[in-house]
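Reader: I have a structure to go through with you. Can you put it up, and we take it piece by piece?

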Amino acid sequence: MTTIELDRPAPRAAISWTFVVGMTLVGIHAAIALLTLVWTPYDPSSTAGGRLEAPSLLHWAGTDRLGRDLFTQIMIGSRIALQVGIGAVGIGAAIGVTIGVLAAFATRLLDDALAAAFDILIAFPTLLLAMLVVAASDTASLWSAILALGIALSAIVGRLTRILAKRVLQMDFITAARTSGTSWPRIVVIHVLPNIWPTLMVNFALQFGLAAIAEASLSYLGLGAPPPNASWGRLLQEAQGTVYTAPFGAIAPGLALLVLVIGINLFADGLRDVGDPTRRRSR
Amino acid sequence: MSLLLASLVLFALLRLLPGDPANALLGVGADADQIAAARQQVGSDLPLWQQFIRFITSLARFDLGTSFVSQAPVGEEILARLTVTVPLTLLAFALAIILAVPLGIIAAVKSHKWYGGLISVFSQLGIAIPVFWVGILLVTAFAINLRLFPSGGFPRQGWGNPAEALRDLTLPVLTVATVMASSLVRYVRSATQDVLGSDYLRTARALGSSFTEALLRHGVRNGSVPIISILGIELASTFLGAVVVERVFTLPGLGSMLLLGISQRDYPNVQGVLFVSTLLVLFIGFFADLAQRLIDPRLRDRSRGAAS
Amino acid sequence: MSLLAVNNLGIATGGQDLVADLSFAIEPGQRLGLIGESGSGKSLTAMAITGLLPPAIVPRGSVTLDGVEVIGAPERKLNQLRGAASAVVFQEPLTALDPLMKLGNQLAEPLHRRFRREGRDLANIDAEIIALLERVSLPQPQRIANAYPYEVSGGQRQRVAIAMALACRPKLLIADEPTTALDVTTQAEILALLDSLVRDLGMALLFISHDLPVVSTIVDQVLVLRQGRMVETGPVKTVLGAPQHQYTQSLVAAARAFDSALGAS
C-alpha cells in the first residue's frame, strides 16, 4: 500500500507476548504430561473415592461415576492430547509435505489431479475423514486415532505445501540454480524446504490445535482411544451422562482442552511474528 | 468432473473399510455357501473396477441401495434425516451470520476501543472450543439449571409438530451458531480491516464522502467477496460436522445416521450419506462461486476468458 | 485570507515525530510543490490537511482550510469541507478506484454531492459524467463510464481519478504523486492535463512529488521537506536554480546528473 511512508527502522524481531504466553500454556501441559509417566495423585484405575463427588481438597476436580479421581484422569488426558497432537501432525506433515512437494514438481496432469484431490479432501472436515479412517481400522485404539487424524491432516498440509512450493519454484533464484545445473533433489533441500519451512511450522502448530479438538471429538463419539486411556473427549462424554447429578465433571476436561488449544494458537501467532521476517506488524 | 473425482475418492475410502460387507448381511456362523451367495448379492466378489462401475452407475440413477441392517431404502432414510439436519444447519448458519457480521465489523472499526478488543478475544476463545463442549455447557445452563429447553431429542412425528421441533432445535442451533460465529467474526474482521486500509475508501472520503457512506457504498461489496467463499466453506463443514452436535442432542439427523452406519458396518447407509454430503458440498461451492462472480467483474472475465 | 494555512504542523505516532514545525500557506489559484524523498512526511502532510490521518497518527498545530480549522474538527464538519474545499488525486489509480464499481458510477458519487450542495437538478448527472470524462480528454467517454477500473489503462484510470476530483469543484486540488505510477509518456500527458485544468478552472494546487523535474514543470513555489522538517522554500526558479541548503543542492545535482546521463546515452 502506498498510504503512508514511515521510514522508521523495522522493529526488531522481538519475541512477542503471544509467543511467551502460548509457550507457557503448552509448557504446563507438557510438564503435566511428563509427570503422569512417573506420578499421578491417585492410581488412575483406583475406584477408591466416592462416586460423583464434587470437587474437594482430596479430589480437586471431583470423581467420576466409578469413583475415580477426575484430576488424575485430566492429567493423563494432557498426555493423550499431546501424544495425539504430535503423532497426528507428524504423520500429516510427513505425508503432506512429501506429496505436496511432489505435486509441485510433477507434470501438469499429475499436479492437477493431486490439486483436485486435495481440494475435495479438505472440503470434508478433518473429523469426518478421521471417522472414516478409524472405521476402516478394525479396532479403535490410540494409534488408530492418531493415524486417522494424521491422514486427515495430510490433505491440508499437502495443499499448503504444494502452493508454497510452487510459489518458490517460480522465483528467479530457482531458475538460476537450474541453469547452473543443480539437481532437483538438491533444489528441494537447499532452496524449497528452507523457504517454505517458517510458514509450514506455523501451520503445523495450528494443525496441532485442530488435531487436539478433533481427537476429543472422536473420543466423544466413541471412536477414539478406548478406556483406560482418559481422553478429555471421553471424560466429557461420560460427564454428559451424569450432567444432571454432577455437572462439575463437564467443566474441567473442557477447560483443559481450551487452555491447550489457546496456548497452541497463541504460540502459532508468536511463531508467525518471529519466524517470518517479511511480515511487518500492521498499524 | 469434480463429481466424478469425488465419487472416486469416496469409493476408495469405502473400500478401505475392513471386512467383507457380505459378512454384515449374515452375522456370525454363516457357512461358505451363504457367504458366497451374499457376496454375489452385494457384488463384492467382482473385481474392483467392476464394483466401481456398478457404484457409479447406481449413483447416477440416484439409486442408493438398501440398508444391510434395516433393509430400508437408503434414499428414503436420507431424505427423512435431511429434514432434521438441513433446518439445523441453515438456522445455525443464518444466526451465525446475523451475529458475526456486525460483531466482526465492530471489532475492526472499533479495534482501539475496549469492546472491539473484547470481541476479538471472544472469537479466539470460540475457535479453541470443541462443538460438543459448547453443547454440553448450553445443556447444563439452559436445560438443567434454567429448564428452558429440552436437553435433546426430536419429536417422533418430526415437523408434524413444528413448535416442539423448533424447541428441540433451539439449543443445537445455538451451539453450532456460537462456534460458527466465532470463526466467522475473525474473517469478517480481517475483511473489514482490508477495506478500512484500502485506497478506494480513502479516495471516497477525500472527495467528501462520510465514513459510513463510503463503508456502505464501497466496503460492503468489496468485503463480501472473500467472506462469501468462507461462508461456503463454513456452511459445508457445518453440514458435514453435524454428526457431533446431533450426538450431543440425540437428534435423528444425517450425522447420527453416518455414525450408526459406521458402527454397524452398514455400507449402503455410509456410502449414501457420504454421497449426498459430497453432492451438497459441491453444490454449496458452486453457489458460493456464482455469488462471487456476480459481485466481482474480474472473476466473471477470467472465467469467460478460460471458456473461450 | 489564505485558502490553506498550515501553522506549526506536527504529526506524531507513538511519541515519535514524523513531521514537525511545518508552516506554509497557499493562496487561491496558487501552485505549491511539496518535494521530498519517500518517508519525508509529504503524504502525511496532505492527509493532515484533509483530516484523513489514521487514528494512530496524531496531528498538532493548526491547519486552516478555506477558513475552517481542520485539526480537532468534528467528522461532520470535515465531511462538508472535503470535496468542497479540497479534493485529492492519489498515486496509484488502480487501487484508488473501487475495483468492483463501474467508473461512471464512481464518478457519479462526488457529482451527486456537489449537485445537492449547489441545489442543481440531479437528472443532469449522466450528461455531466460524460462532460467530465471529455474534459479529462478521455476518448469514448460512454464506453469508459460503463467500464470497470481493470478494463482500462493506467493512464485512463488516472484521468478518471482526476475527473472525480474535478467533479467536486474544489478550491484546492491536492495531487499526491499523481504520475509516479505511470510510464514516462503518460506522465507527461497527465501533467499537461493537470496544468491546463488548474489554469482553466482557477484552482489552487498542492503538488506532492519526489521528482524534481516533474514538480518544476507545474508549480510556481516549492517547499523542500526532509525527515519531516522544512529545508527550504521559495519560487521554483530560485530554489532549484540556486539552492541554498545542502540537501536541496544534492537533490538538484542528482536530478541533473540523471538528466545528463539520459542525454548522453
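Author: Start with chains B and C, keeping in mind that this is a predicted model. In contact there are 23 residues of chain B and 26 residues of chain C.

Reader: How much area do chain B and chain C bury between them?

Author: About 2,300 Å², with 56% of it on carbon and sulfur atoms.

Reader: How many salt bridges across the interface of chain B and chain C?

Author: The rule finds three salt bridges there. One of them pairs Arg205(B) with Glu75(C), and their closest N and O atoms are 2.5 Å apart.

Reader: And how many residue pairs in polar contact across that interface?

Author: Twelve residue pairs, both residues being at pLDDT 80 or more.

Reader: Which elements of chain B give two or more residues to the side that touches chain C?

Author: They are α9, α10 and α14 (297-307) of chain B. α9(B) gives the most, with seven residues. By type, the side of chain B that touches chain C divides into seven nonpolar, six polar and ten charged residues.

Reader: What do the buried residues of α2(C) pack against?

Author: One partner is α9 of chain B. The others belong to chain C: β4 (58-65), β5 (68-69), β6 (86-89) and α4 (103-118). The buried residues of α2(C), which spans residues 75-84, are Leu78(C), Asn79(C), Leu81(C), Arg82(C) and Gly83(C).

Reader: Now the other interface. How many residues of chain B are in contact with chain A?

Author: 38 residues of chain B, against 42 residues of chain A. The two chains bury about 3,600 Å² between them, and 77% of that is on carbon and sulfur atoms.

Reader: What is the count of salt bridges between chain B and chain A?

Author: Zero. The count of residue pairs in polar contact is three, both residues at pLDDT 80 or more.

Reader: Which elements of chain B supply at least two residues each to the side that touches chain A?

Author: There are several, including α1 (2-16), α6 (114-127), α7 (131-145), α10 (211-240) and α13 (267-295) of chain B. α9 (199-206) of chain B is also among them. The residues of that side divide into 27 nonpolar, seven polar and four charged.

Reader: Stay with chain B. How many helices and strands has it?

Author: 14 helices and zero strands. Buried residues make up 48% of its 308 residues. Of the contacts in chain B with a separation of 6 or more, 69% are between residues 24 or more positions apart.

Reader: Which residues touch the most other members in the largest nonpolar core?

Author: Met131(A), Leu218(A), Trp232(A), Ile78(B), Phe132(B) and Leu258(B), out of the 138 residues in that core. Helix α7 of chain A, residues 184-220, gives the most to this core, with 16 residues. There is also a second, separate core of 55 residues, which includes Ala108(C), Ile162(C), Ile218(C) and Val252(C).

Reader: What is Trp232(A) in contact with, leaving aside neighbours within four places in sequence?

Author: His29(A), Ile74(A), Gly77(A), Ser78(A) and Ala81(A) are among its contacts. So are Pro253(A), Ala256(A), Leu257(A) and Leu260(A).

Reader: Different spot: where is Ser154(A), and is it buried or exposed?

Author: Ser154(A) is in helix α5 of chain A, residues 142-169. Its relative accessibility is 10%, so it counts as buried, the cut-off being under 20%.

Reader: What does the side chain of Ser154(A) reach?

Author: The backbone oxygen of Ile151(A), at 2.5 Å. Beyond its neighbours within four places in sequence, Ser154(A) is in contact with Gly92(A), Ile95(A) and Gly96(A).

Reader: Last one, Pro139(C). Where is its place?

Author: Pro139(C) is in the loop between α5 (125-135) and α6 (141-145) of chain C.

Reader: Why is Pro139(C) put down as partly exposed?

Author: Because its relative accessible area is 45%, and partly exposed covers the range between 20% and 50%.

Reader: What does Pro139(C) touch, not counting residues up to four places away?

Author: Ile144(C) and Gln156(C). Gln156(C) is 17 residues from Pro139(C) along the chain, and their C-alpha atoms are separated by 9.3 Å.

Technical notes:
Residues numbered from 1 in each chain as written. Chains lettered and ligands numbered in written order. Predicted model: local features only at pLDDT ≥ 70, side-chain atom pairs only at ≥ 80, totals over all residues. Heavy atoms only, no water. Core = buried A, V, L, I, M, F, W, Y, C linked by side-chain atoms within 4.5 Å. Buried < 20%, exposed > 50% of the residue type's maximum accessible area, 1.4 Å probe, protein only. Helix = DSSP H or I, 4+ residues; strand = E, 2+ residues; numbered from the N terminus. Contact = heavy atoms within 4.5 Å. Buried area = accessible area lost by both parts, 1.4 Å probe. Salt bridge = Lys/Arg side-chain N within 4 Å of Asp/Glu carboxyl O. Polar contact = N/O pair within 3.5 Å; in protein donor to acceptor, adjacent residues only side chain to side chain. Nonpolar A, V, L, I, M, F, W, Y, C, P; charged D, E, K, R; others polar.
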